[in-house]
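This report describes selected features of one molecular structure, ordered by site. Please consult the sequence and the coordinates alongside the text.

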Amino acid sequence: MNDLSLFPSLAARLARPERIRLAKARIPVALLADDVPVGAEVDRDGSARLDILIENGRIARIAPALADHSNDTIALDDRHVWPLLIDAHAHLDKAHTVRRAPGSGGTHPGARAATTADRLAHWNADDLLRRMEFGLATADAHGVAAIRTHLDSHEGQAEITWSVFAEVRERWKGSITLQAAGLVPLDVYRDDYGARLADIIANHGGLLGGVTRASGGTHGSGLDDIDLLLDRLFALAKERELGVDLHVDEAAQADALPHVARAAIRHSYEGRVTCGHCCSLALLSENELRDRISLLSDAGLSIVTLPTVNMYLQDRQDGRTPRWRGVTPVQELRAAGISVAAAGDNCRDPFFAYGDHDMLDTWRQSVRILHLDHPYADAVALAGPAAAGIMGIDAGTIGVGRPADLMILEAWSLDQVIARPHSDRVILRKGVFSNRTLPSYGMLADFPTA
Ligand SMILES: [Zn+2]
């Protein structure tokens with residue numbers, strides 16, 4: 001067994017990698033962009049033993065692991081090597097407000113009210129910029145390659161938030177690919193502001209979005225004209241050729257998802273719509289679920305599961321331990337061929353008091369919460385290729401010609417990847433060792449507290 005002193009020397013050697021061979025890496029097959037090279041050995045977790053040649057920041061060759069190597073070689077001795085991961089659903093504008101927002105009680109209505117109060121009191125450009133930068137620096141240190149954030153886009157707020165987003169997207173474009181979707185209650189599309197918001201989003205190259213509940217309301221009620229509102233949203237998206245990403249049914253009792261699916265079909269938007277949460281699917285009968293999944297499949301919807309936040313918000317009542325854990329039936333959706341990603345969602349805000357923009361952590365928790373093990377099969381896809389596919393970007397896999405954006409983990413098996421937080425992961429961005437460290441919470445010390 002190798003001693004841990006490999007890592008400081010590895011970091012030093014990766015500082016100038018014009019040509020570096022990572023020898024005897026172990027890569028989950030589901031994280032390879034192409035077929036497993038002929039002759040490569042695949043272990044019982046479904047990971048291939050490979051050599052990776054990096055030239056000028058890109059992956060030049062992937063080949064079966066060899067015994068002998070030249071002196072440009074860094075011997076990984078069968079450690080796991082992963083691509084940098086993808087967070088397909090985040091809220092960078094809400095993040096890191098938990099200490100100053102009024103108490104939410106940890107419930108969905110409480111979180112909504114606390115966030116509204118915080119937004120009205122504090123969300124100017126400077127505040128948004130500081131918190132988004134803190135979140136992105138954190139994600140960078142954890143080795144996140146891309147983030148799709150939702151942005152609260154209420155009238156009077158949207159212009160401020162989207163222009164700050166444009167600024168951070170430009171600043172981080174060399175390391176983190178950023179996308180954004182506008183987030184408003186669906187009834188906002190009933191009036192003129194819906195069209196103005198669609199224009200703001202189109203001007204910033206974003207996605208049209210929303211949450212399938214009424215302003216000030218909760219999921220599952222108050223949207224009698226949901227089909228009309230969805231028609232309006234899809235018409236605005238279609239006129240501007242925007243993708244659609246919605247928050248849907250984040251509750252035990254709510255049934256907007258079939259309306260969204262039928263709207264996608266009505267507007268020929270199959271394959272261009274992502275739905276996050278979809279918690280209430282889990283409480284359908286087996287027959288209802290089978291029919292529902294078939295409709296989602298016909299509509300070409302992609303689903304993003306946000307298990308850490310669902311477990312925090314769903315079924316919370318004072319003095320009572322939650323019985324229902326609120327997570328999406330991911331295995332059934334994937335078995336039907338529906339694209340599913342796992343993502344981080346909220347981070348240290350009224351909707352989720354914790355989190356750290358760390359997709360490896362979100363993925364490790366997702367495996368345990370959703371039982372994506374025994375076997376692991378291609379569970380890794382949820383934070384890699386499936387998430388990249390939903391965002392429509394070339395990332396989340398390791399392949400020839402791709403940038404050498406990689407994580408080397410002190411792990412020889414998937415159970416070891418999942419068991420530890422891997423705070424000692426070695427991150428390469430374009431083949432260069434990244435020495436970014438996590439920003440200190442001290443940077444937020446002057447925030448007011450509630
Ligand atoms: Zn969300």
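## Basis of the burial statements

A residue counts as buried when its relative accessible area is under 20%, and as exposed when that area is over 50%. Tyr-312, at 13% relative accessibility, is therefore classed as buried. The model under discussion is a predicted one.

## The zinc site

Four residues coordinate the zinc ion: His-89, His-91 and His-247, each through NE2, and Asp-345 through OD. The coordination distances run from 2.1 to 2.3 Å. Along the sequence, the donor residues follow the spacing H-x1-H-x155-H-x97-D. Two of these donors link distant parts of the chain, with His-247 in strand E10 (residues 244–248) and Asp-345 in the loop between E13 and H11, 98 residues apart.

The geometry of the zinc site is irregular, the angles among the four donor atoms spanning 87 to 177 degrees. For comparison, the ideal angle for four tetrahedral donors at a metal is 109.5 degrees. His-247 has a relative accessibility of 5% and so counts as buried. Asp-345 is likewise buried, its relative accessible area being 4%.

## Aromatic pairs and charges over rings

The whole structure contains seven aromatic pairs. One of them joins Phe-234 and Tyr-269 in an edge-to-face arrangement, with 5.6 Å between centres and 90 degrees between planes. Because Phe-234 belongs to helix H6 (residues 226–240) and Tyr-269 to the loop between helix H7 (257–266) and strand E11 (273–277), this pair ties together parts that lie 35 residues apart in sequence. Phe-234 is buried at a relative accessible area of 0%, and Tyr-269 is buried at 2%.

Tyr-312 and Tyr-354 also form an edge-to-face pair, at 5.8 Å centre to centre and 90 degrees between the planes. The two residues are 42 places apart and link distant parts of the chain: Tyr-312 is in helix H9 (residues 307–313), and Tyr-354 is in the loop between strand E13 (340–342) and helix H11 (359–370). Ring pairs join Tyr-312, Tyr-354 and Phe-352 into a cluster. The ring of Tyr-312 additionally has the charged end of Arg-316 over it, 4.6 Å from the ring centre. Elsewhere, Arg-131 lies over the face of Trp-123, at 5.3 Å from the centre of that ring.

## Helix H7 and its surroundings

In helix H7, the buried residues include Leu-257, Pro-258, Val-260, Ala-261, Ala-263 and Ala-264. Residues three or four places apart in an α-helix point the same way, because each turn takes 3.6 residues. The buried residues of H7 pack against H6, E10, E11 and helix H8 (286–299). Immediately after H7, Ser-268 adopts a positive phi of about 50 degrees.

## Strands E7 and E8

Strand E7 (residues 144–152) runs parallel to E8, and seven bridges join the two. Ile-147, for example, has Leu-178 in E8 as its bridge partner. Strand E8 (residues 177–183) is largely enclosed by the rest of the structure, because six of its seven residues are buried.

## The surroundings of Asp-140

Asp-140 is located in helix H3 (residues 125–142) and is buried, with a relative accessible area of 2%. Residues up to four places away in sequence aside, Asp-140 touches Trp-172, Ser-175, Ile-176, Ile-427, Arg-429 and Arg-436.

Definitions and conventions: Residues numbered from 1 in each chain as written. Predicted model: local features only at pLDDT ≥ 70, side-chain atom pairs only at ≥ 80, totals over all residues. Heavy atoms only, no water. Helix = DSSP H or I, 4+ residues; strand = E, 2+ residues; numbered from the N terminus. Buried < 20%, exposed > 50% of the residue type's maximum accessible area, 1.4 Å probe, protein only. Contact = heavy atoms within 4.5 Å. Phe/Tyr/Trp six-rings, centres within 6.5 Å; stacked < 30°, edge-to-face > 60°. Lys NZ or Arg CZ within 6 Å of the ring centre and 35° of its normal. Donors = N, O, S within 2.8 Å, 3.2 Å for Na, K, Ca; no water. Tetrahedral: all angles 85-135°; square planar, octahedral: opposite > 155°, others 65-115°. Pairing = 2+ DSSP bridges.
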